[in-house]
Amino acid sequence: MSYLVATDGSAESDEAVRYAARQAVAFYETLEIAHVLTPDSELVDGTIVLPGEEAAVEAGEGVLEGARSIAEAAVDEPITVETQLLTGRPADAIAEYAAEEGVDAIYVGHRGLSEEREQVVGSVAKSVVDKADVPVTVIR
């Protein structure tokens, strides 16, 4: 069994990481932290190219390491943390990963780094709730 928390490095997702870490420790579960890269692609001579791919991967790995540190600092006992860098549309990638890996619960921040603001819950959080086959906790 494992718990999955999605992070984009925002303050809201940091809160979700803290909450998920406490839940994982309380139930002796592994915490999986995922970050989704959504690179802009270009078609060059018939080949899909991802500009800045190396920089995007490096930044994504930085987000994951920051989230790992937050998770470890949120609990007073050892926690097993695994990180996963995913690609694609965030809600789809999170729900698909959870289904493929047999994740038992998903945690997301209520709103992330997106410029587009919604009144109560962000579009990624809403979509994860709609697409996931396991319980989703939206952290505010």
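A residue counts as buried under 20% relative accessible area, as exposed over 50%, and as partly exposed in between. The legends below use these words for a predicted model.

**Figure 1. The whole chain combines 4 helices and 7 strands.**
Read from the N terminus, the order of elements is β-α-β-β-β-α-β-α-β-α-β. The chain has 140 residues, and 38% of them count as buried. Its accessible surface is about 8100 Å², and carbon and sulfur atoms make up 47% of that area. Among contacts with a separation of 6 or more, 71% are between residues 24 or more positions apart. The salt bridges number 3, and the next views show them.

**Figure 2. Arg-18 and Glu-15 form a salt bridge within helix H1.**
The N to O distance between the two side chains is 2.8 Å. Helix H1 covers residues 11-26, and the two partners sit 3 residues apart in it, about one turn of the helix. Arg-18 has a relative accessible area of 28%, so it is partly exposed. Glu-15 is also partly exposed, because its relative accessibility is 34%.

**Figure 3. Glu-65 and Arg-68 form a salt bridge within helix H2.**
Here the closest N and O atoms are 3.6 Å apart. The spacing in sequence is 3 residues, about one turn of the helix. Glu-65 has 41% relative accessibility and therefore counts as partly exposed. For Arg-68 the relative accessible area is 21%, so this residue is partly exposed. The cut-off for buried is under 20%, which means that Arg-68, at 21%, does not count as buried.

**Figure 4. Lys-131 and Asp-92 form a salt bridge between two helices.**
The closest N and O atoms of this pair are 2.9 Å apart. Lys-131 belongs to helix H4 (residues 123-131), while Asp-92 belongs to helix H3 (residues 90-101). The two residues are 39 residues apart, and the pair links distant parts of the chain. Lys-131 is partly exposed because its relative accessible area is 41%. Asp-92 has a relative accessible area of 24%, so it too is partly exposed.

**Figure 5. Four glutamates form a patch of negative charge on the surface.**
The members of the patch are Glu-53, Glu-54, Glu-58 and Glu-61. One of them, Glu-58, lies in helix H2, which covers residues 53-74. Is Glu-58 buried or exposed? Its relative accessibility is 60%, so Glu-58 counts as exposed. The cut-off for exposed is over 50%.

**Figure 6. Thr-38 lies in a loop between two strands.**
The loop joins strand E2 (30-37) and strand E3 (42-44). Thr-38 counts as partly exposed because its relative accessibility is 47%. Which residues does Thr-38 touch, leaving aside those up to four places away in sequence? They are Gly-88 and Pro-90. Leu-86 is 48 residues from Thr-38 in sequence, and the two are 8.7 Å apart in space, C-alpha to C-alpha.

Definitions and conventions. Residues are numbered from 1 along each chain as its sequence is written. This is a predicted model: local features need pLDDT of at least 70, side-chain atom pairs count only at pLDDT 80 or more; totals for chains, interfaces and linings use all residues. Side-chain values use heavy atoms; hydrogens and water are left out. Patches are made of residues with over 30% relative accessible area and no salt bridge: like charges are joined within 9 Å, nonpolar side chains (Val, Leu, Ile, Met, Phe, Trp, Tyr) within 5 Å. Accessible areas come from the Shrake-Rupley method with a 1.4 Å probe; for residues, only the protein chains shown count as cover. Lys and Arg count as positive and Asp and Glu as negative; His and the chain ends are not counted. The place of a charge is taken as NZ of Lys, CZ of Arg, CG of Asp or CD of Glu. Buried means under 20% relative accessible area, exposed over 50%, partly exposed in between (1.4 Å probe, protein chains only). Contact means heavy atoms within 4.5 Å.
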